[in-house]
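Let's take a walk through this fold, one element at a time. Have the viewer open and follow along.

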Amino acid sequence: MRHRVAGRRLKRSSSHRQALFKNLITELFRHRRITTTEAKAKAVRPEAEKLITVAKRSMDMESDVHARRRVLRTITDKEVMQQLFETIAPEYKNRPGGYTRIIKLGPRQGDAAPMAIIELVE
């Protein structure tokens, strides 16, 4: 039983799952929209929203070095991190949450896996 166990395992080892989530989040911030399976989109959404919140809160501080280092634990590209802090976070300055949207697409052609688009809300 998985009582009180958070997160989705997606039939991967923990290191493989962490690498998958890091890559999906990095590409979400780079392209602002990615197509993936519903399960992966639902698993990535809370992590991506937390990173946007960290970037938003750092806008009011004198030094945001700690926040940038926290974000770099997850985001694998420094250019994407700069984009998050300089363009994405200021867009959501007055928004209390709900920075992403998941749109269901239907089954994938090859294996009928349910697909979805996860995107940043405009």
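A good place to start is the inside of helix H4, whose buried residues pack against H1, helix H2 (38-58), helix H3 (65-72) and E3. Contact here means heavy atoms within 4.5 Å, and buried means under 20% relative accessible area, with exposed over 50% and partly exposed in between (1.4 Å probe, protein chains only). The element names are DSSP runs numbered from the N terminus: helices are H or I with at least four residues, strands are E with at least two.

A word on the ground rules: this is a predicted model, so local features need pLDDT of at least 70 and side-chain atom pairs count only at pLDDT 80 or more, while totals for chains, interfaces and linings use all residues. Residues are numbered from 1 along each chain as its sequence is written, and side-chain values use heavy atoms, with hydrogens and water left out.

Back to H4. The buried residues in this helix are Val80, Met81, Leu84, Phe85, Ile88 and Ala89. Leu84 is also where H4 bends, by about 40°; the bend at a residue is the angle between axes fitted to the seven residues ending there and the seven starting there. What does the length of H4 look like against expectation? The 14 residues of H4 (residues 78-91) should span 20 Å at 1.5 Å a residue, and the end C-alpha atoms are 19 Å apart, which agrees. The expected span, by the way, is 1.5 Å times one less than the number of residues. At the N-terminal end, Asp77 acts as the cap of H4, with a side-chain oxygen 3.3 Å from the backbone nitrogen of Glu79. For that kind of polar contact, the pair must be N or O atoms within 3.5 Å; within protein, one must be able to donate a hydrogen and the other to accept it, and residues adjacent in sequence count only if both atoms are side-chain atoms.

Just past the helix, look at Tyr92, in the loop between H4 and E2. Why is Tyr92 classed as buried? Because its relative accessibility is 2%. Setting aside neighbours within four places in sequence, Tyr92 is in contact with Ile52, Lys56, Tyr99, Leu120 and Val121.

Now for the sheet. Three strands make an open sheet in the order E1-E3-E2, with antiparallel pairing. Strand E1 (33-37) and strand E2 (100-107) are the edges, each pairing on one side only. On average, neighbouring strands are turned by 25° against each other, direction ignored. Two strands count as paired if DSSP finds at least two bridges between them; axes are lines fitted to C-alpha atoms, for helices over the stretch in contact, and angles run from 0 to 180 degrees between N-to-C directions.

E2 and strand E3 (residues 114-120) pair over seven antiparallel bridges. You can trace the register by eye: Thr100 has Leu120 as its bridge partner, Arg101 has Glu119, and Ile102 stands opposite Ile118. Where the two strands connect, they form a hairpin with six residues between them. Ala112 sits in that loop between E2 and E3. Its phi is near 65°, a positive value in a residue other than glycine. Is Ala112 buried or exposed? Ala112 is exposed, with a relative accessible area of 52%.

On the other flank, five bridges join E1 to E3, again running antiparallel. Thr36 is in E1, and its bridge partner in E3 is Ala116. At 8% relative accessibility, Thr36 counts as buried. Beyond its neighbours within four places in sequence, Thr36 is in contact with Leu24, Ala41, Met115, Ala116 and Ile118. As for E3, six of its seven residues are buried, so this strand is largely enclosed by the rest of the structure.

That leaves helix H1 (residues 14-31), which lies across E1, E2 and E3 and runs at about 145° to E1. The buried residues of H1 include Leu20, Phe21, Leu24 and Phe29, and the buried set packs against E1, H2, H4, E2 and E3. Its 18 residues should span 26 Å, and the end C-alpha atoms are 26 Å apart, which agrees. Two positive phi values bracket this stretch of chain: Leu10, in the segment before H1, has a phi near 55°, and Arg32, which follows H1, has one near 65°.
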